[in-house]
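Subject: Structure handover

Hello,

Here is the structure I promised to pass on. Please open it alongside this email; my notes follow below.

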Amino acid sequence: MIMKKFTILLMLVAACGLLTSCGDDDWGNDNPAMEHIYYYGLGNVKYPGGNELQYNVNQGETVAVPTYFFSAFTRSYSPVVSYYTSPVPNKTELVRGVDYQVVDKDGNALTPDATDGGYSMTWPNAKQGVQNVYIKAMNGQKGSIRVLTYDPSRTIDATDLSSTTIAKTNEYEVRAFSENYYVTVNIK
């Protein structure tokens, strides 16, 4: 009886293999249409599939929030993306420059872009890697903010691939993930 079930299972697996396409992987590294498309996002190893990751920072201290650039290549160009901060909906709004500050690794205050309020980040030669966003609590009000790899004034739609584009030039395109594009920073 066991042998008969095993034989049937083996035949089903073989039949499925015959019916599936053996075409190129649309998302693989051998797809020329994807060669200059990269992804930028936030790690969420503990909570895959969402934006639940949170960081805590005490007043007067700085927290590092890692961001990730996904690439399988090294290029002659260096993609530029932006990251953002925003209030947490339905929470007390913290004020940048009063309650918190976005700083570089040395603690120097960064100024957001006047156009969209983002902070630029360059990925040299489009190499895969990790760069931190630094949030400093300014001994102001306690509360929470979001750090995003996607402009908070826009909406990501998981069913519309074009809505995930965050940077596009004639050389490259960088996309956000429809999940894991923000984390929460709690200022204690």
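Start with a sheet of 5 strands. This sheet is open, its strand order is S2-S11-S8-S4-S6, and the pairing is mixed. Its edges are strand S2 (54-57) and S6, each of which pairs on one side only. On average, neighbouring strands here are turned by 25° against each other, direction ignored. Keep in mind that the model is predicted.

Look next at one pair inside this sheet. Strand S4 covers residues 80-87 and runs antiparallel to S6, with 4 bridges joining the two. One residue pair to find is Ser82 and its bridge partner in S6, Ser120.

There is another sheet to look at. It is open too, with 6 strands in the order S5-S7-S3-S1-S10-S9 and mixed pairing. Strand S5 (100-103) and strand S9 (165-168) form its edges, and each pairs on one side only. The average turn between neighbouring strands of this sheet is 25°, again ignoring direction.

The S9 edge is worth a visit. S9 and strand S10 (residues 173-176) run antiparallel and are joined by 3 bridges. The link between S9 and S10 is a hairpin of 4 residues. Across this pair, Lys168 stands opposite Glu173 in S10.

Now step back to the whole chain. How many helices and strands does the protein chain have? The count is 1 helix and 11 strands. Along the sequence, the helix comes before the strands, in the pattern α-β-β-β-β-β-β-β-β-β-β-β.

The contacts reach far along the sequence. Take those in the protein chain with a separation of 6 or more: 77% of them are between residues 24 or more positions apart.

Some totals for the chain. It has 188 residues, and 39% of them count as buried. Its accessible surface comes to about 11,300 Å². Carbon and sulfur atoms hold 53% of that surface.

Then the interior. The largest nonpolar core has 30 residues. Which of its members touch the most other members? They are Val65, Ile135, Val174 and Val185. Apart from this core lies another, of 7 residues, including Tyr84, Tyr150, Ala176 and Tyr182.

Val65 deserves a closer look. Leaving out residues up to four places away in sequence, Val65 touches Leu42, Tyr55, Gln131, Asn132, Val133, Val147, Val183 and Val185. Val185 is thus on this list, and Val185 is also among the core members with the most contacts to other members.

Last, two loop residues with unusual backbone angles to check.

Ala126 sits in the loop between strand S6 (119-122) and strand S7 (129-137). Its phi is positive, at about 55°, although Ala126 is not a glycine. Is Ala126 buried or exposed? Ala126 counts as buried because its relative accessibility is 0%, and the cut-off for buried is under 20%.

Asn139 lies in the loop between S7 and strand S8 (143-148). Asn139 is not a glycine either, yet its phi is positive, near 60°. Asn139 is exposed, since its relative accessible area is 57% and exposed means over 50%.

So the two loop residues differ in cover: Ala126 is buried, whereas Asn139 is exposed.

Best wishes

Technical notes. Residues numbered from 1 in each chain as written. Predicted model: local features only at pLDDT ≥ 70, side-chain atom pairs only at ≥ 80, totals over all residues. Heavy atoms only, no water. Buried < 20%, exposed > 50% of the residue type's maximum accessible area, 1.4 Å probe, protein only. Contact = heavy atoms within 4.5 Å. Areas by Shrake-Rupley, 256 points an atom, 1.4 Å probe, with all protein chains shown as cover. Core = buried A, V, L, I, M, F, W, Y, C linked by side-chain atoms within 4.5 Å. Pairing = 2+ DSSP bridges. Axes fitted to C-alpha atoms, helices over the stretch in contact; angles between N-to-C directions.
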